[in-house]
Structure formats: structure tokens, C-alpha cells
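The following note is offered to a colleague who is meeting this structure for the first time. Please keep the sequence and the model in view while reading the numbered points.

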Amino acid sequence: MSITRRTFNRLGLAAAAGLMALPAMAQDRPAPFDNAGEVQIALVRYLSTGDFFQAYLAGVESQAAALGVDLRVFDSRQDAALQADMVDQAIALGVDGIIIQHGLTESMKEAAQRAVDAGIKVVAFDVNVENEAIPQIEQSDRDLARLALEQAIEDNGEAWKAAYVYVAGIAPLDRRDETWREFKERYPGIEEVAMFGTLDNPIANSVANQARSVLTANPGVQVVFAPYDEFAKGVKIAVDEAGLSSDIKIYSADISTADIAAMREPGSSWVATAATNPAVVGQVSVRALAMMLAGEEPGASVIVPPTLITQAELTDSDIKNMEELSEKMPQFNHADVAMPDWMPNPNE
């Protein structure tokens, strides 16, 4: 087929019209996202075991893909020293931005500062690196704990014996612990008879081993506050094995398809959780970093609001997985956080 000058002109006009009809394309994004393929960002992970962290990673990947940037993922598998080394590896690669996902303050503080000193933009999700130059991405952990505990008060009154699952030194758990302590002061009828917890892999099974001993030693436990879903899974294993599902209620934080299935089981002791969509939190982490790369300020604290999810709501609305949860609770599917006009929404 031959292309005449008239045909060529028509093609050129059509192409130009097509470009004009795509205002969200790269040419309308601020630098460096007008040439996004040359932008490289790194995700440096401390925790990766469990459905929450898989969904978080999926959210990071989807927002990075929507922006068109090159994403590198480093997974330290709960090795604090290795995570710090991985930040240095990302610095050596010359990445433009780094997301630090969980970790320990003492191991990440200096590593994060080295990245900032190298001119790299950094955001931190659920790890306090004690650096004013680094925005903190949060699920509003205090609100997560508050929503779950308010439901526990509504279900059980203001006086009950509780077991509490907690590991100190992890920023989101420490923030949830602050709310737990406030509730115990506000409601002196709450008696904490045992505190336990571990992050040894596999976390749920390790917690189950501890919970078996705790429940045996404290037969009067009525409520278990387990503000991380892997903790709740472990407690539920022990409660089921002990035949105590009708005697104990579990309140948690975070949600996944596996969690939904566990909560929906007939007679399940896991009655409520407060959660944000981990995929949305991952997207927000990338968006906040992208704003910094574009010279914009996402704010010192970028908070994704949580939602209370009860066993009754899951059953009544016949919600069986995360997709149906997002459909039937639309606020769970997208957070209008760190979302300037030029930012692509991967959920559309």
C-alpha cells in the first residue's frame, strides 16, 4: 500500500488529536515523570510473610506500573542488618527514591540518613527512622486499635479478662499498644491476664504455640486482642484446638482473603478486625514518594484511614474475598491520599 501526502497528513492529524485527547499521559506529568522509564525506585522490606505484605507489594507494583517507573524490590526477611545493607545496595544502584517498609529504628535510622545524604528521596511505611526529611506512611494504627477495641467494649461490656499479643520495637505495633494502654486506663474493668507474642516465622504457627500455653494457664480469658492478623490467625488455631470458640472472642487489625474465610467459619471466635486495604497502602507509599520526586510535599505524615470490619458484616453481605470487600465497601478500594491531579490511579 502506498501512502500519499494527503494520507500522511491525515495520519499526522489523527496522531496529534490522539495525543491531545490523553491529558494524563506522560507529556502532561511533571518531571521526572514526563520520562518515567528513566525513574528508578526501590522497595526495601523487613516483613514479607503473610497476606497483608503480599497485598502491600501488589499495591506498590500496580502504582509503579501506572507511573511507568522501574521498581526494584529488596526483601530482607526480618534480618535487620541485611535490610540496612539493602538500603546501601539501593543507594549504590543510584535509585531516585526508596520506600522503607517496616524494620527496626536502631538498624534503619542511619541507613535512611545515608540515603538522604546521597540525595535520594525516601518514605517510610510503619518504621520510625526519626528523620524529618522522611515522610511516614501510616495506616493510622491508633485508629485501627481504637476501632477494634471499641467493638470489643460493645460486644463484651466494660469488664473482661484479656490476653494481649504484642511484640515491642515494631512501629505499628507500638502505636497500637499505646491505644491498648489508654483503653485499659479508661476501662479499669479490663484485666490483662497475659501478654505474649513473636515474629518468628511462620508467625501464625509460632503464635499458636504460645497461645496454647497461655490459654491453658489462664482458663478465664474472654477476649484476645491480637492487633495484627497473623497474630489473630495463630490465636484462632489455639482457640479452635482447645474447643473454646464459643467462650473467647478475638479482635484484630488488618484483613486478607484468608482472614475473611477464617472470620466467616461457623462459630468462629474471630469476630472483628479494623483494617485498611494493604494494596491501597502500597499505592499510597509509591504516590507519596512520586510527589517528592516531582518536588511536591506529601506531608510529614501520610495517613490512610481504616475501616471496622465485623464478622456479622462479612456474613450478612456475603463477602468472601478482598475483591468483594472492595466492591461492597467502596471506601476500602481507594484512598484519596497523596493524589495530585497528574497522578494515575491504578484502580481505574
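1. Charges. The protein carries 26 positive and 51 negative charges, and the mean positions of these two groups are 5 Å apart. The reader should bear in mind from the outset that the model is a predicted one.

2. Overall form. The secondary structure consists of 12 helices and 12 strands. Measured out along the principal axes, the C-alpha trace extends over about 85 × 45 × 35 Å.

3. Burial and surface. The protein has 348 residues, of which 53% are classed as buried. The area left exposed comes to about 15,100 Å², and 50% of this area is supplied by carbon and sulfur atoms.

4. Contacts along the chain. Consider the contacts between residues at least 6 apart in sequence: 72% of them join residues at least 24 apart.

5. A residue in a loop. Val127 is found in the loop between β4 (121-125) and β5 (136-138). Is this loop residue buried or exposed? Val127 has a relative accessibility of 0%, which is under the 20% limit, and therefore counts as buried.

6. The surroundings of Val127. Leaving aside residues up to four places away in sequence, Val127 touches Ile100, His102, Gly103, Leu104, Thr105, Met108, Gln136 and Ala171. For one of these residues, Gly103, the separation from Val127 is 24 residues in sequence, while the C-alpha atoms of Val127 and Gly103 are 5.6 Å apart in space.

7. Aromatic pairs. How many aromatic pairs does a search of the whole structure find? The search gives 10 aromatic pairs. One of them is formed by Tyr164 and Tyr166, which are stacked, with 5.6 Å from centre to centre and 10 degrees between the planes. Tyr164 and Tyr166 are both buried.

8. An edge-to-face pair. Why is the pair of Tyr228 and Phe231 described as edge-to-face? The ring centres of Tyr228 and Phe231 are 5.0 Å apart, and the planes meet at 70 degrees; because an angle over 60 degrees counts as edge-to-face, the pair falls into that class. Tyr228 and Phe231 are also both buried.

9. A cluster of rings. Tyr228 and Phe231 belong to a cluster that also includes Phe52 and Phe53, the members being linked by ring pairs.

10. A charge over a ring. Arg186 is placed over the face of Phe183, at a distance of 4.7 Å from the ring centre.

Notes: Residues numbered from 1 in each chain as written. Predicted model: local features only at pLDDT ≥ 70, side-chain atom pairs only at ≥ 80, totals over all residues. Heavy atoms only, no water. Helix = DSSP H or I, 4+ residues; strand = E, 2+ residues; numbered from the N terminus. Buried < 20%, exposed > 50% of the residue type's maximum accessible area, 1.4 Å probe, protein only. Contact = heavy atoms within 4.5 Å. Areas by Shrake-Rupley, 256 points an atom, 1.4 Å probe, with all protein chains shown as cover. Lys, Arg positive; Asp, Glu negative; His and termini not counted. Charge placed at Lys NZ, Arg CZ, Asp CG, Glu CD. Phe/Tyr/Trp six-rings, centres within 6.5 Å; stacked < 30°, edge-to-face > 60°. Lys NZ or Arg CZ within 6 Å of the ring centre and 35° of its normal.
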